Amino acid sequence: MTELSPRPYILVGIDGSRSSLEALLWAIGEAQLRNLPLRLVHAVDYGNFVMGFNPGASESFFKFVETSGQNFLNEAKERVQALAPEVQVSIHNLVGRPAQLLEEQSKDAFLTVVGSSGLHGFTGLVAGSVAVALTAHGHSPVVVVRAPGAHAGGPVVVGVSGAPDSEEAIGWAFQEASLRGAKLLAVLVSSYVPAYFDYIEPTWEELPGPAREDQQAMLLAERLAGWQEKFPEVAVRRVVAAGHPGHVLLGYAQRAQLIVTGTRGHGNVAGWFLGSTSHRLVQHAECPVLVARPQAR
């Protein structure tokens with residue numbers, strides 16, 4: 001196993017699926033932009049295979065599973081070396097539950113990058129159980145990738161709110177827009193519907209009037225002011241919209257190269273803890289989604 005660089009790394013979950021390849025391609029570009037090494041991790045989850053098998057009689061099968069994981073990693077490393085030979089890369093074939101292993105590995109990661117779905121232990125919800133669990137509990141910001149090259153010339157979109165986690169998301173969005181030479185679209189959604197009522201639309205009489213819109217526009221300008229001073233080269237468009245945050249942001253994500261969001265969860269299980277807006281973006285946005293958590297690195 002290649003020794004890990006002491007520098008922070010970009011962590012990538014690898015399982016041989018098309019989705020993890022797309023995550024790898026996005027991570028390569030990010031590693032080049034930030035001059036960071038890649039740490040590629042495959043999880044061999046024997047717990048998913050022992051059902052119906054006699055472990056003693058299935059030794060060759062388990063050996064095949066372990067070897068397949070190593071092959072996935074070797075192929076991924078070769079892809080990195082072919083596309084970006086200047087990027088340092090290490091590979092790690094580990095045994096355990098994928099979500100738990102990647103969560104542990106994310107403690108020293110600058111970013112964690114995973115596909116939206118996967119094979120073997122990485123398969124789960126619409127967006128992949130591992131992806132959802134990591135965005136809720138990972139120690140680093142997490143990027144969930146569905147189509148890495150979608151709308152490469154599009155803006156970086158960030159969802160802005162009055163919550164503390166929004167500040168972290170704004171900072172990441174400015175950094176990503178600056179690195180990519182992209183425009184930044186900052187969207188503040190005004191809604192009287194609690195975020196956890198995911199599929200409820202506000203009625204017409206609940207929509208904010210001009211005074212409310214002006215107030216929201218001022219709030220958005222205030223939230224962005226300090227960051228615009230730090231990143232004067234980033235062209236920013238401010239948008240105040242009405243409706244459900246998840247619905248509105250998904251609309252803007254259709255032409256974005258990246259969307260950045262915070263977390264505003266209400267429980268302790270993946271999905272609810274993540275917050276409905278972030279959860280909806282992870283499940284349905286076509287562009288990569290970066291979920292920034294205040295307590296994450």
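A residue is buried if its relative accessible area is under 20%, exposed if over 50%, and partly exposed in between (1.4 Å probe, protein chains only). The model is predicted: local features need pLDDT of at least 70, side-chain atom pairs count only at pLDDT 80 or more, and totals for chains, interfaces and linings use all residues. Residues are numbered from 1 along each chain as its sequence is written, and side-chain values use heavy atoms, with hydrogens and water left out.

**Exercise 1. The sheet**

Determine the strand order of the open sheet and the strands at its edges.

*Solution.* Step 1: strands are DSSP runs of E with at least two residues, helices are runs of H or I with at least four, and both are numbered from the N terminus. Two strands pair if DSSP finds at least two bridges between them.
Step 2: the order of the 10 strands is β3-β2-β1-β4-β5-β10-β9-β6-β7-β8, with mixed pairing.
Step 3: β3 (89–95) and β8 (236–242) each have a single partner strand, so one side of each lacks a neighbour in the sheet.

**Exercise 2. Two strand pairs**

State the direction of the pairs β2 with β3 and β5 with β10.

*Solution.* Step 1: β2 and β3 run parallel, joined by 7 bridges; histidine 42 has asparagine 93 of β3 as its bridge partner.
Step 2: β5 (residues 142–145) and β10 (residues 289–291) are antiparallel, with 3 bridges. Here valine 142 faces valine 291 of β10.
Step 3: as for burial, 5 of the 7 residues of β3 are buried, and the strand is mostly covered.

**Exercise 3. Helix α3 and its surroundings**

Describe how α3 packs against α4 and which strands α3 lies across.

*Solution.* Step 1: axes are lines fitted to C-alpha atoms, for helices over the stretch in contact, and angles run from 0 to 180 degrees between N-to-C directions. The axes of α3 (residues 98–105) and α4 (residues 129–137) are 9 Å apart, at an angle of about 35°.
Step 2: contact means heavy atoms within 4.5 Å. Pro98, Ala99, Leu102 and Glu103 of α3 meet Val130, Ala133, Leu134 and His137 of α4.
Step 3: α3 also lies across β1 (9–13), β2 (38–44), β3 and β4 (109–115), at about 155° to β2.

**Exercise 4. Asparagine 35**

Characterise the backbone and the exposure of asparagine 35.

*Solution.* Step 1: asparagine 35 lies in the loop between α1 (18–34) and β2.
Step 2: most residues other than glycine have a negative phi. The phi of asparagine 35 is positive, near 55°.
Step 3: with a relative accessible area of 57%, asparagine 35 is exposed.
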